Amino acid sequence: MAGKEQSRRWSLQGKIALVTGGTKGIGHAIVEELAGFGAIIHTCARDEAQLNECLSKWKKKGFQVTGSVCDASSWTERERLMQTVSSLFDAKLSILINNVGAIRSKPTVEYRAEDFSFHISTNLESAYHFSQLAHPLLKASGCGNIVFISSIAGVVSVSISSIYSATKGAMNQLARNLACEWASNGIRANAVAPALIETPLAEAAFDDEFKKEMISREPVGRLERPEEVASLVAFLCMPAASYITGQTICVDGGFTVNDFSYQPQV
């Protein structure tokens with residue numbers, strides 16, 4: 001019995017998950033990690049061709065993954081997606097991964113109203129609204145988990161995008177609030193804050209000079225890999241993590257604890 005209990009604590013077998021933006025980068029790694037631990041997953045993406053390609057590959061791997069085309073920045077499309085999820089899974093959901101995010105990297109004085117709206121709707125509003133929509137489904141499961149994919153830019157100052165950083169900081173606070181407000185509904189909420197990751201988003205948004213600066217500030221001395229974020233996300237969704245809620249956990253190679261002003265000679 002002890003062995004069965006141990007395996008149950010470290011498994012996601014039969015858990016139902018919605019992962020937003022699951023066809024590339026961190027989202028793709030999270031889908032594969034959760035599926036590898038036995039979760040049944042629905043994901044979404046704007047690019048239908050890319051979504052279908054991923055679904056085909058996951059099917060060949062034996063993963064239970066379905067998907068919908070959805071622009072997560074759209075209020076009506078978010079509602080439509082959650083209706084699909086509710087219909088597919090008998091109005092129950094075990095896990096919500098708010099992964100969708102975007103960035104336009106500019107100096108603060110160069111941002112315009114449209115840039116502000118873009119960041120808010122894609123990063124913060126989508127996560128907030130998806131959480132609202134998912135609440136009855138997570139409550140119905142009896143043991144719900146929300147994980148927000150945040151960023152170290154929401155924890156410390158990083159010279160990339162003040163609006164992006166503000167949305168990620170707000171996301172961290174949202175995780176704290178929902179953890180307390182929805183605890184009585186059996187729902188946990190946490191935020192995971194990665195550093196700079198080897199993803200298409202990072203490749204498009206940041207130049208080589210910025211990447212070198214980031215790497216120089218990380219004691220580990222390299223960029224992060226998507227699967228290194230996905231492993232923490234999977235753990236937070238497991239019964240083994242049942243007492244962890246309301247936290248912002250940095251997965252950053254030591255970036256946020258490193259005093260870059262002092263570099264000892266070794």
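**Salt bridges and a parallel sheet**

Lysine 106 is partly exposed, its relative accessible area being 29%, in what is a predicted model. The partner of this lysine is aspartate 115, with which lysine 106 forms a salt bridge whose closest N and O atoms are 2.9 Å apart, and aspartate 115 is itself buried, with a relative accessible area of 4%. Salt bridges with shared partners join Arg104, Lys106, Glu114 and Asp115 into one network.

The count of salt bridges comes to 8. One of them pairs glutamate 32 with lysine 61, the closest N and O atoms being 2.9 Å apart; because glutamate 32 lies in helix α2 (residues 25-36) and lysine 61 in helix α3 (residues 48-61), the pair ties together parts that are 29 residues apart in sequence. Arginine 78 forms a salt bridge with glutamate 125, again with 2.9 Å between the closest N and O atoms, and since arginine 78 belongs to helix α4 and glutamate 125 to helix α5 (residues 113-141), this pair ties together parts 47 residues apart in sequence. Arginine 78 counts as buried at 0% relative accessibility, whereas glutamate 125, at 30%, counts as partly exposed.

The strands are arranged as an open sheet of 7 with parallel pairing, in the order β3-β2-β1-β4-β5-β6-β7. Strands β3 (65-69) and β7 (248-251) stand at the edges with a single partner strand each, so one side of each is left without a neighbour in the sheet. From one strand to the next, the twist averages 20°. Helix α4 (residues 75-88) packs on this sheet, touching β1 (16-20), β2 (40-45) and β3, and its direction makes about 160° with that of β2.

Note on methods
Residues are numbered from 1 along each chain as its sequence is written. This is a predicted model: local features need pLDDT of at least 70, side-chain atom pairs count only at pLDDT 80 or more; totals for chains, interfaces and linings use all residues. Side-chain values use heavy atoms; hydrogens and water are left out. Two strands pair if DSSP finds at least two bridges between them. Helices (H or I, at least four residues) and strands (E, at least two) are DSSP runs, numbered from the N terminus. Axes are lines fitted to C-alpha atoms, for helices over the stretch in contact, and angles run from 0 to 180 degrees between N-to-C directions. Contact means heavy atoms within 4.5 Å. A salt bridge is a side-chain nitrogen of Lys or Arg within 4 Å of a carboxyl oxygen of Asp or Glu. Buried means under 20% relative accessible area, exposed over 50%, partly exposed in between (1.4 Å probe, protein chains only).
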